[in-house]
Amino acid sequence: MKFEDYRIADGIKTSISKLGYKKPTDIQFKSIPAILKGEDVLAIAQTGTGKTAAFAIPILHRLQERKVLGRPNAVRCLVMTPTHELALQVDNVFRTLGKHTRVTTYCIHGGVGQDPQKEKLEDGVDVLIVTPGRMFDLVSQGALDLSRVETLVLDEADHMLDLGFIKDIRDVMRHLPTRRQTLFFSATINEEIKDIAYSLVRSQAIRIQISPKDPVAKNIEHAVAYIEMDDKRFFLEGMINNHPDAKTLVFVRTKVRAERVKKAMERVKLITDTIHSGREHADRERTMNSFRSGALKILIATDVSARGIDIPNVEYVINYDLPETAAQYVHRVGRTGRGTNKGQAYSFCSKEEKEVLAEIEENLGKPITRLKVTKAEYANTVANTLEPEIDKKYDWQALIDEHQVEEEKRKKKKKKKRK
Ligand code: AMP
């Protein structure tokens, strides 16, 4: 089946062909006809499968077909996403695919002023893409009317639940018409997600599951190496130096660690940047754009900030710290090998993380390939660092410990003197 064979507006077909999409991906093949018919859909699809276009194409077509000229716009499609970045990305897909239609799209998220958002809503938009927090602000102020929504999309629903948006999702239902189409997209499934999904979609919803056996896409090679916590930075340095021009996304556990890894790379003259919730929205966006364009090659990110975002041509994903769950693992490695590209993902697992690794593998349903690092290779990697001797000798923890010991000594001395 080719896109030309679909019964969708010519303007949308033009955009699809400009994007270079020839045939639908699996999720698109399965969901587009159902959404066009107005059915509810419950889809379990990993990231990078083309799921955004899978709902944007049929939604745009339906809105375009039924757009009544001269009538003020009301929000007719509401897309809820977990993060700013994902909201902007979904908005971009709608805008690109809808360029040759009359459908209007707008994106609302926190971290920026409300007034321009209110003005835009007053003018009216057809498709509204939101993150839950700001949306509720505007609904409660009466600036956002959701009573004419025909289609509700929950994108990355599992991530929204992880972030604690469950109550927000339930609350928004009160503002929506009961007769509506609901499209529920999640990368992973468990009992909690099933419960919420079934409470939102109609009983005859079309259920779609993509690659249930291996949640990691086939075009991603992924492996794990045993590397001790304090040596991880040398291995990252080595990997970057081995592939200096490769676009590499490095995941760490916390924002503090993100900044530390950046500093460690700075000491060996490697340019990186970070994206995490501790940075201003505008800085995050600037960094993301620079990484997207390829000007920045190495981006260090936390899960929350980077999940769901689509960056073209990421060649390597490095799990500098292992994620806590299999779902996070799937999301992280899914940042590479997007669409029809190939990608590689490596995880660094320290002694302390072995338990987490076992859990991840159990939930993935299969073991992750072990990357063999011989003793000599390990020693070489640590020895070949450009890091000054002083830094190597005194790693961060050692520095902190040393500082504490010194402090104790100082206090004891003081006490003695007083006596
Ligand atoms: P998503 O899963 O929506 O984040 O999409 C992942 C990537 O797949 C994006 O970079 C899309 O541009 C790309 N993509 C979506 N649909 C197709 C298609 N039919 N053919 C080729 N690439 C596609």
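Okay, one term before I start: when I call a residue near a molecule, I mean that its C-beta atom, placed from the backbone, lies within 6 Å of that molecule. And keep in mind that what you're looking at is a predicted model.

So, the ligand. There are 15 residues around it, and the ones that come nearest are Tyr21, Gly50, Thr52, Asp310 and Gly339. What's the chemical mix of that shell? Nine of its residues are polar, three are nonpolar and three are charged. Both domains chip in: domain 1, which is 3-210, and domain 2, which is 220-418, each supply at least three residues to the shell. And which element gives the most? That's H3, with three residues.

Let's stay with H3, then, and look at its helix neighbours.

Start with H2, residues 26-36. The axes of H2 and H3 come within 9 Å, crossing at roughly 25°. Anything under 35 degrees counts as roughly parallel, so H2 is roughly parallel to H3. The crossing is right-handed. On the H2 side, the contact uses Ile27, Gln28, Ser31, Ile32, Ile35 and Leu36. From H3 you get Lys51, Ala53, Ala54, Phe55, Ile57, Pro58, Ile59, His61 and Arg62. Sort the residues of that contact and you have 10 nonpolar, three polar and two charged.

Now the other neighbour, H4. Here we have H3, residues 51-65, against H4, residues 84-97, with axes that come within 10 Å and cross at roughly 45°. How do the two helices sit relative to each other, then? They're oblique, because that angle falls outside the parallel, antiparallel and perpendicular ranges. H3 passes H4 in a right-handed crossing. The residues that meet are Thr52, Ala53, Ala56, Ile57 and Leu60 from H3, and Val90, Val93, Phe94 and Leu97 from H4. That contact has eight nonpolar residues, one polar and no charged.

A couple of residues turn up twice, if you want something to click on. Ala53 and Ile57 are in the H3 list against H2, and Ala53 and Ile57 are also in the H3 list against H4. Thr52 is worth selecting as well: it's among the residues that come nearest the ligand, and Thr52 also meets H4.

That's my tour of H3. Thanks, everyone.

Notes: Residues numbered from 1 in each chain as written. Predicted model: local features only at pLDDT ≥ 70, side-chain atom pairs only at ≥ 80, totals over all residues. Axes fitted to C-alpha atoms, helices over the stretch in contact; angles between N-to-C directions. Helix = DSSP H or I, 4+ residues; strand = E, 2+ residues; numbered from the N terminus. Parallel < 35°, antiparallel > 145°, perpendicular 65-115°, else oblique. Left-handed = near helix turned anticlockwise from the far one by under 90°. Contact = placed C-beta atoms within 7 Å. Nonpolar A, V, L, I, M, F, W, Y, C, P; charged D, E, K, R; others polar. Domains from an automatic or database assignment.
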